[in-house]
Amino acid sequence: MMSLFRTLTLVALVSFLLHLGWESLHVQLYTGYENWTGGAPVVFLATIGDVLYTLGAFALVSGFKGSIEWIKEATKRDYLMLVTLGFLIALFVEYKGLALHRWQYLPDMPLIPLLQVGLSPIIQMALLLPLTVFMVSRMRGR
């Protein structure tokens with residue numbers, strides 16, 4: 001039980017720190033989000049969402065693998081699964097946010113041509129989700 005709590009805590013903490021840094025750097029590529037933050041800093045709210053999606057993806061892979069202990073011996077296939085999940089999560093979040101008019105992209109946001117979504121959030125989740133797991137696996141003494 002302690003291993004489960006420790007692992008999830010580490011995943012949440014590492015994810016929070018990585019996503020907070022990324023969100024802080026690319027928030028200036030968005031506009032229109034000011035009305036839905038309710039006074040809380042948008043970077044903080046976006047980071048909390050990123051952490052929840054990361055925990056969800058980690059739980060999904062853990063369920064698929066049958067144990068949370070897979071993190072100790074994560075394979076290239078596991079990391080590829082996390083990259084894919086990160087990509088799909090980011091697509092979902094961006095399409096939902098754009099469709100609900102929660103934000104718009106400023107001209108400086110590079111777009112993925114066929115998908116018409118921002119490149120930065122796609123790279124963010126596809127990169128930071130597996131990086132979080134990699135870092136936690138190292139912290140746990142792989």
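Which residues of H3 are buried? Let's start there and work outward through this predicted model.

## Helix H3

The buried set in H3 is made up of Asp-78, Tyr-79, Leu-82, Leu-85, Gly-86, Ile-89, Ala-90, Leu-91, Val-93, Glu-94 and Gly-97. These residues pack against H2 and H4, and also against three strands: S1 (30-31), S2 (104-105) and S4 (117-118). As background for reading such a list, an α-helix has 3.6 residues a turn, so residues three or four places apart point the same way.

H3 contains 24 residues, and the distance from its first C-alpha to its last is 34 Å, close to the 34 Å expected at 1.5 Å a residue. After the helix comes His-101, with a positive phi near 60°.

## The largest pocket

If you are looking for open space, the largest pocket holds about 440 Å³. Helices H1 (2-26), H2 (42-65), H3 (76-99) and H4 (119-139) each give two or more residues to its lining. H2 supplies the largest share, with seven residues.

In total, 24 residues line this pocket, and those nearest its centre are Glu-23, Ala-46, Asp-50, Val-93 and Trp-103. By chemical class, the lining has 15 nonpolar, four polar and five charged residues. Val-93 is thus worth a second look: it appears among the buried residues of H3 and also among those nearest the pocket centre.

## Pro-110 and its surroundings

Pro-110 sits in the loop between S2 and strand S3 (111-112). Its relative accessible area is 37%, so Pro-110 counts as partly exposed. Leaving aside residues up to four places away in sequence, Pro-110 touches Val-117, Gly-118 and Leu-119. Gln-28 is 82 residues from Pro-110 along the chain, and their C-alpha atoms are 12 Å apart.

Conventions
Residues are numbered from 1 along each chain as its sequence is written. This is a predicted model: local features need pLDDT of at least 70, side-chain atom pairs count only at pLDDT 80 or more; totals for chains, interfaces and linings use all residues. Side-chain values use heavy atoms; hydrogens and water are left out. On a 1 Å grid over the protein atoms alone, a cavity is a set of points where a 1.4 Å probe fits but cannot get out, and a pocket is an open set with protein on both sides within 12 Å along at least five of seven lines; lining residues have an atom within 4 Å of a point. Grid points are joined across faces, edges and corners, and a volume is the space filled by probe spheres set on the points. Helices (H or I, at least four residues) and strands (E, at least two) are DSSP runs, numbered from the N terminus. Ala, Val, Leu, Ile, Met, Phe, Trp, Tyr, Cys and Pro count as nonpolar, Asp, Glu, Lys and Arg as charged, and the others, Gly among them, as polar. The expected span of a helix is 1.5 Å times one less than its number of residues. Buried means under 20% relative accessible area, exposed over 50%, partly exposed in between (1.4 Å probe, protein chains only). Contact means heavy atoms within 4.5 Å.
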